[in-house]
Amino acid sequence: MIKASDFGSDFSWGVATAAAQIEGASDQYGKGPSIWDTFSKRSGKIKKGHQLVTACDFYHRYHEDIALVKLLGFSVFRFSISWPRLLPYGDGLVNEEGIRFYHNVIDECLEQGLTPYITLYHWDLPQALEDEGGWTAFGINTAFNAFVSVCAKTYGDKVKNWLVLNEPFGFTSLGYMLGVHAPGKTGLTNFFSAVHHTAIAQADGGRILRAEVSGANIGTTYSCSEVIPYTQSDADVLAASRVDCLMNRLFIEPALGLGYPGEEWEVMEKFSISHSTWRHTERLTFDFDFIGLQNYFPLTVKYNGFIPVLQAWEVKAKSMKKPHTAMGWEVNADSFYRIIKQFASYPKIKNLMITENGAAYQDKLIGGTVDDQERIEYFKLYLAAVLKAKGEGMNITGYMAWTLMDNFEWAEGYNARFGLVYNDFKTQQRTIKSSGYWWQDFLKK
Ligand code: BGC
């Protein structure tokens with residue numbers, strides 16, 4: 001039976017959240033609109049037309065919610081700062097009520113003996129900046145740097161653990177290439193310019209934190225998925241390597257000073273060459289103290305010539321009759337171990353933290369309880385994979401479960417439940433699920 005103490009006494013255990021997914025008060029207390037406020041109002045983009053106006057009402061309930069983090073036995077609370085709550089127009093005018101709110105959240109963590117980890121950007125770009133081109137526009141870097149500076153100067157005395165970006169590949173691909181997330185843009189031109197400005201932002205953000213926050217522990221996060229070729233045919237193997245290049249290497253390699261990846265793939269090679277001059281390579285590099293990995297699924301891909309550029313197609317877990325979550329994402333803890341190993345093999349990474357991992361299931365509140373045994377089994381398997389990697393000498397220093405409570409799951413709205421705590425979105429009544437109690441017990445041992 002796996003125990004928390006097997007991971008060592010200095011291992012950090014936490015839960016992760018994000019502002020737009022939990023806060024609510026989306027148009028109150030001086031906050032400006034974010035791209036997700038705008039996007040969710042567009043019909044058809046979010047399942048069942050769900051809106052994030054109220055979400056989990058964390059804005060008003062942070063005291064009780066942080067108490068829940070403590071009650072479950074975690075020592076770290078990861079949350080993000082809503083950029084438009086602090087700077088309603090993206091830069092310039094500062095919203096004092098927003099400043100106060102995050103002081104309150106931080107103070108609450110510190111009073112409860114929890115270590116706050118702040119994510120600077122978890123996808124809620126100010127709409128005012130999107131109106132000027134968002135991540136595709138050159139000016140975004142100046143605005144982002146000003147935002148980082150405000151956060152670092154305001155909270156740097158109290159908070160030492162920082163994450164610059166949440167999953168850069170996630171928001172650039174879903175939001176600027178596929179158009180299924182905010183701001184709903186599509187196409188390769190949008191994607192590649194968003195990628196470049198985002199990669200600059202991750203390194204610039206690190207440098208600003210280093211300069212402004214004494215004793216800072218600075219990281220950034222990446223989504224990661226082992227990419228498995230459907231067959232061992234050359235076409236499938238090459239298709240898998242193209243997907244791996246985008247999903248796993250695109251942002252970490254420039255940060256490590258390796259420039260953009262892309263040998264053997266014309267489209268990426270063209271982008272890499274034009275954006276990897278000495279001037280770019282240097283600016284894209286930052287020596288992070290830790291790298292956050294976030295894993296939800298492996299990806300099986302096969303060659304498909306009808307798909308433009310990528311020429312690869314996902315083979316779904318369901319069609320392969322493999323175990324999967326309510327999102328249709330394959331449950332495969334061995335592949336989690338292997339992708340950790342892939343990242344750990346970059347010699348320049350000092351240490352890794354699992355900054356998100358978790359699963360959505362169709363939870364039901366019956367007689368005041370939610371018995372989510374599948375989620376417990378999921379965590380057991382995935383934690384065993386982390387322990388195995390750690391046991392083999394990979395320097396993994398912490399694990400954060402996704403997520404504290406059911407919340408606004410982006411394009412899925414409130415339908416996909418990932419929480420350790422069940423939320424009734426009508427009453428905002430929180431109910432600890434069996435998995436929450438399982439964590440409470442696990443963390444005691
Ligand atoms: C994101 C979270 C999201 C989770 C589950 C991660 O990609 O950082 O915001 O809720 O995945 O989809």
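**Close-up views of loops, strands and cis peptide bonds**

**View 1. P183 sits in the loop that links α8 (168–176) with α9 (188–212).** Helices (H or I, at least four residues) and strands (E, at least two) are DSSP runs, numbered from the N terminus. The model is predicted, so local features need pLDDT of at least 70 and side-chain atom pairs count only at pLDDT 80 or more, while totals for chains, interfaces and linings use all residues. Residues are numbered from 1 along each chain as its sequence is written, and side-chain values use heavy atoms, with hydrogens and water left out. The peptide bond joining A182 and P183 is cis, with omega of about 5 degrees.

**View 2. A second loop, between β11 (396–402) and β12 (421–424), contains T403.** The peptide bond from W402 to T403 is cis, and its omega is near 10 degrees. W402 also appears among the contacts of Y296, a residue treated in View 4.

**View 3. Strand β5 (residues 217–223) is largely enclosed by the rest of the structure, because 6 of its 7 residues are buried.** Buried means under 20% relative accessible area, exposed over 50%, and partly exposed in between, with a 1.4 Å probe and protein chains only. Two strands pair if DSSP finds at least two bridges between them. Strand β4 (residues 161–165) pairs with β5 in the parallel sense over 3 bridges; W162 has I218 of β5 as its bridge partner. Strand β7 (residues 290–295) also runs parallel to β5, and 5 bridges join the two. Here T220 is matched with I291 of β7 as bridge partner.

**View 4. Y296 occupies the loop between β7 and β8 (299–303).** Its relative accessibility is 11%, and Y296 therefore counts as buried. Contact means heavy atoms within 4.5 Å. Beyond its neighbours within four places in sequence, Y296 is in contact with the aromatic residues W329, Y378, W402 and F418, among others. The contacts of Y296 also include E167, E330, E356, N357 and G358. N332 lies 36 residues from Y296 along the chain, and the C-alpha atoms of the pair are separated by 9.1 Å.

**View 5. Q311, in the loop between β8 and β9 (312–315), is shown with its backbone.** Although Q311 is not a glycine, its phi is positive, at about 45 degrees. Q311 counts as partly exposed because its relative accessibility is 29%.

**View 6. Q428, in the loop between β12 and β13 (429–432), is shown with its backbone.** Q428 is not a glycine, yet it has a positive phi of about 60 degrees. With a relative accessibility of 7%, Q428 counts as buried.

**View 7. The setting of the close-ups is a protein with 16 helices and 13 strands.** Its C-alpha atoms fill a box of roughly 55 × 50 × 45 Å along the principal axes. The radius of gyration of the protein is 21 Å, which agrees with the value near 22 Å for a compact globule of 445 residues. The radius is taken over C-alpha atoms, and the globule rule is 2.2 Å times the number of residues to the power 0.38. Of the 445 residues, 61% count as buried. Among contacts with a separation of 6 or more, 75% are between residues 24 or more positions apart.
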